[in-house]
Amino acid sequence: MGLGGCIILIAVGAVLTFATDWDMQGVNLDLVGVIFMIVGLIGVATFSSIARRRRVVMPPTTPVVEDRPHHHTRDGYHNGYGA
């Protein structure tokens, strides 16, 4: 269930609890509405904790190679000039 489903559960639960006065034999709609709201809140909390875990930035797995400048000296005796 995604975040939208959790918000819908909370809304339906609030409507059943606070906005209706229906009477059904054997069913307490106020209690059903409260249960829907609790389940929706648990779902929102679970979804947000999972979403927070997904946003963790992982360091790159490949090593970073830094190029160092090469200093060559040409004094006449190295690099094929006088060898």
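Phe36 lies in helix H2 of this predicted model. With a relative accessibility of 30%, Phe36 counts as partly exposed, because that class spans the range between the buried limit of 20% and the exposed limit of 50%. Phe36 is also one of the residues of a nonpolar surface patch, the others being Ile8, Val12, Leu31, Ile35 and Val39. The area of this patch is about 500 Å². Both helix H1, which covers residues 3-19, and helix H2, which covers residues 29-54, supply at least two residues each to the patch. The largest share, 4 residues, is contributed by H2.

The patch may be set against the overall architecture. The protein contains 2 helices and 0 strands. Its chain comprises 83 residues, of which 13% count as buried. The accessible surface amounts to about 7,400 Å², and carbon and sulfur atoms account for 63% of that area. Among contacts with a separation of 6 or more, 44% are formed by residues 24 or more positions apart.

A further point of interest is Thr17, which is placed in helix H1. The relative accessibility of Thr17 is 14%, and the residue therefore counts as buried, the limit for this class being under 20%. When residues up to four places away in sequence are not counted, Thr17 touches Asp30, Gly33, Val34 and Met37. For one of these partners, Val34, the separation from Thr17 is 17 residues in sequence, while the C-alpha to C-alpha distance is 6.5 Å. The side chain of Thr17 also reaches two backbone oxygens. That of Gly13 is reached at 2.8 Å, and that of Asp30 at 3.4 Å. Asp30 is thus named both among the residues touched by Thr17 and as the owner of a backbone oxygen reached by the Thr17 side chain.

A second threonine, Thr20, is located in the loop between H1 and H2. Thr20 has a relative accessible area of 19% and is buried, because this value falls under the 20% limit. A polar atom of the Thr20 side chain lies 2.9 Å from the backbone oxygen of Leu16. For both threonines, then, the side chain is paired with a backbone oxygen: Thr17 with that of Gly13, and Thr20 with that of Leu16.

Notes. Residues are numbered from 1 along each chain as its sequence is written. This is a predicted model: local features need pLDDT of at least 70, side-chain atom pairs count only at pLDDT 80 or more; totals for chains, interfaces and linings use all residues. Side-chain values use heavy atoms; hydrogens and water are left out. Patches are made of residues with over 30% relative accessible area and no salt bridge: like charges are joined within 9 Å, nonpolar side chains (Val, Leu, Ile, Met, Phe, Trp, Tyr) within 5 Å. Accessible areas come from the Shrake-Rupley method with a 1.4 Å probe; for residues, only the protein chains shown count as cover. A salt bridge is a side-chain nitrogen of Lys or Arg within 4 Å of a carboxyl oxygen of Asp or Glu. Buried means under 20% relative accessible area, exposed over 50%, partly exposed in between (1.4 Å probe, protein chains only). Contact means heavy atoms within 4.5 Å. A polar contact is a pair of N or O atoms within 3.5 Å; within protein, one must be able to donate a hydrogen and the other to accept it, and residues adjacent in sequence count only if both atoms are side-chain atoms.
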